[in-house]
Amino acid sequence: MSVELNAKSFPVSFAALEQEAKMKMSEGGYGYVRSGASHEETLQKNAQGFEKLSIVPRMLRDVADVDMSVTIGGRTYPFPVFLAPVGMQKLTHEEGELASARAAAAIGVPFVQSTVSSYSIEEIKAGTNSSPKWFQLYWSRNEQVTFSMVNRAEQAGYEAIVLTVDTVMTGWRETDIAADFSPLKLGFGKANYENDPAFMAALDNHENEAVIQSLLENIHYPNLNWSHVAELKKRTKLPIYIKGILHPEDAKLAVENGVDGIIVSNHGGRQLDGIISAIDALPSIVTEVDGAIPVLFDSGIRRGTDVVKALALGAKAVFIGRPFIYGLAVGGQTGVEKILENFIEETKITMSLAGISKVCDLPSIKLIRE
Ligand SMILES: Cc1cc2nc3c(=O)[nH]c(=O)nc-3n(C[C@H](O)[C@H](O)[C@H](O)COP(=O)(O)O)c2cc1C
Ligand SMILES: O=C(O)C(=O)c1ccccc1
């Protein structure tokens with residue numbers, strides 16, 4: 001499948017992009033990506049949270065040279081917009097994560113590979129060489145599998161572990177329940193499992209159905225608690241980021257437990273509904289953490305002005321989820337690159353017109369709530 005991408009044919013607004021992706025994807029696949037939990041109150045709040053915040057711009061500040069680079073955990077990236085871990089990307093495009101990881105590599109931002117990706121860690125590593133890559137971990141019920149995957153990521157040169165903590169069970173996703181749609185059951189997320197020696201050793205039967213059945217039994221781990229974080233710290237030299245923090249007390253515990261960073265996120269409104277929008281959760285967490293570790297952010301970022309607002313509130317960088325998945329649906333690797341380029345360009349314009357020429361100066365922007 002090749003898609004001609006030029007300024008005219010590639011959708012620019014998020015709404016147009018979502019429409020175009022809908023036409024490219026299966027009904028079940030599109031419903032899975034687009035939807036949120038329950039009646040999507042939080043999915044909507046994520047977007048409304050940004051709309052309530054207004055930038056108060058400054059003038060006459062020489063914005064001829066804009067520096068968008070950010071340094072996180074001692075590594076500098078050219079832009080503060082990263083790709084969120086999204087599982088099962090072959091559901092969206094035949095080249096799945098390979099296309100997204102190559103797009104991230106072309107732009108120079110980290111690619112965060114999901115535990116439930118359609119390619120294994122080793123395949124993504126082989127397809128992208130030395131570009132920055134992080135591994136998102138879903139703690140397996142079989143702990144040997146957890147540590148084996150972490151070890152494989154470390155061996156493959158991945159630079160961080162992102163432990164997602166808001167998915168100890170699947171949220172109540174009405175769209176998927178109504179459509180009886182489960183991409184895991186269809187086998188879209190099994191690559192890291194069927195290539196894992198600890199996982200395969202624990203199976204009596206290596207047939208596809210047995211792999212999928214065991215994956216379904218391993219993926220959610222409601223027992224997860226801070227002792228597992230302590231154990232993970234012992235098992236890896238890589239920095240650990242905790243994804244899915246919304247309460248300042250949990251941010252405080254993250255610092256006390258020695259994690260290297262947190263990602264403020266409500267999983268794009270896909271897990272628990274009726275909860276605080278991610279952008280409303282950000283300020284008190286930044287205050288609590290007080291610069292001890294980097295605070296990153298996702299959920300609801302739809303354009304460059306949102307990037308600027310999140311960074312103004314103290315996030316060091318942001319991740320986008322659905323926007324890049326829709327870019328992948330519409331144009332594969334080129335589509336994801338185009339999405340990243342558009343985000344970067346709009347972020348640059350927003351910074352410039354607000355009178356800010358360095359990302360590190362964004363927290364000095366005045367924001368008001370309307
Ligand atoms: C289709 C889909 C699959 C996802 N899979 C994962 C995953 O495997 N691991 C994870 O930590 N987060 C996963 N997420 C959540 C994203 O990492 C991110 O938190 C969310 O998409 C951000 O919100 P946004 O879509 O509004 O940008 C997924 C999100 C979507 C839309
Ligand atoms: O769909 C998701 O949001 C997600 O994170 C997930 C969790 C478990 C298995 C597959 C995807």
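## Val229 in helix H11

Val229 sits in helix H11, which covers residues 226–235. In this predicted model, 19 other C-beta atoms lie within 10 Å of the one in Val229; since a residue needs 20 or more to be buried, Val229 is classed as partly exposed.

Who are the partners of Val229 from elsewhere in the sequence? Setting aside residues up to four places away, Val229 touches Leu163, Asn257 and Val259. Lys185, in turn, is 44 residues from Val229 in sequence, and their C-alpha atoms are 29 Å apart in space.

## How far to trust the model

The average pLDDT of the protein is 97, and 98% of the residues score at least 70. For the complex, the predictor reports an ipTM of 0.99 and a pTM of 0.98. A general caution for reading any such model: where pLDDT is low, the predicted coordinates should not be read in detail.

## Overall build

If you turn the structure around, you will find 15 helices and 12 strands. With a radius of gyration of 20 Å, close to the 21 Å that the globule rule gives for 370 residues, the protein is as compact as a globular protein of that length. Along the principal axes, its C-alpha atoms fill a box of roughly 70 × 50 × 40 Å.

Half the story is inside: 50% of the 370 residues count as buried. Among contacts between residues at least 6 apart in sequence, 73% join residues at least 24 apart.

## The nonpolar core

In soluble globular proteins, nonpolar side chains tend to be buried together. Here the largest nonpolar core has 103 residues, and those with the most contacts inside it are Ile262, Val264, Leu282 and Val318. Helix H15, spanning residues 322–353, supplies the largest share of this core, with 11 residues.

Val264 is a good place to look at the packing. Apart from neighbours within four places in sequence, Val264 is in contact with Ile245, Leu246, Ala278, Ala281, Leu282, Ile285, Val295 and Phe297. Val264 is also the last residue of strand E9 (261–264).

## Around the two ligands

Ligand 1 is surrounded by 24 residues, of which the closest are Ala84, Gly87, Ser114, Gly268 and Gly321. Helices H2 (27–34) and H15 are the elements that give two or more residues to this shell. By class, the shell around ligand 1 has nine nonpolar, 11 polar and four charged residues.

Which residues surround ligand 2? They are Gly87, Val116, Thr167, Leu184, Gly189, Ile219, His267 and Arg270. This shell divides into three nonpolar, four polar and one charged residues. Gly87 is named both among the closest residues to ligand 1 and in the shell of ligand 2.

## Two residues with positive phi

Most residues other than glycine have a negative phi. His267, from the shell of ligand 2, has a phi near 65°, a positive value in a residue other than glycine. His267 lies in the loop between strand E9 and helix H13 (278–289). Is His267 buried or exposed? It counts as buried, because it has 23 C-beta neighbours inside 10 Å and the cut-off is 20 or more.

Glu40 also has a positive phi, near 65°. Its place is in the loop between H2 and helix H3 (41–51). Glu40 has 18 C-beta neighbours inside 10 Å, so it counts as partly exposed.

Notes. Residues are numbered from 1 along each chain as its sequence is written. Chains are lettered from A and ligands numbered from 1 in the order in which they are written. This is a predicted model: local features need pLDDT of at least 70, side-chain atom pairs count only at pLDDT 80 or more; totals for chains, interfaces and linings use all residues. A residue is near a molecule or strand if its C-beta atom, placed from the backbone, lies within 6 Å of it. Ala, Val, Leu, Ile, Met, Phe, Trp, Tyr, Cys and Pro count as nonpolar, Asp, Glu, Lys and Arg as charged, and the others, Gly among them, as polar. pLDDT is the predictor's confidence in each residue, from 0 to 100. A nonpolar core is a set of buried Ala, Val, Leu, Ile, Met, Phe, Trp, Tyr and Cys residues joined through C-beta atoms within 7 Å. A residue is buried if 20 or more other C-beta atoms lie within 10 Å of its own, exposed if 12 or fewer, and partly exposed in between; C-beta atoms are placed from the backbone. Helices (H or I, at least four residues) and strands (E, at least two) are DSSP runs, numbered from the N terminus. Two residues are in contact if their C-beta atoms, placed from the backbone, lie within 7 Å. The radius of gyration is taken over C-alpha atoms; the globule rule is 2.2 Å times the number of residues to the power 0.38.
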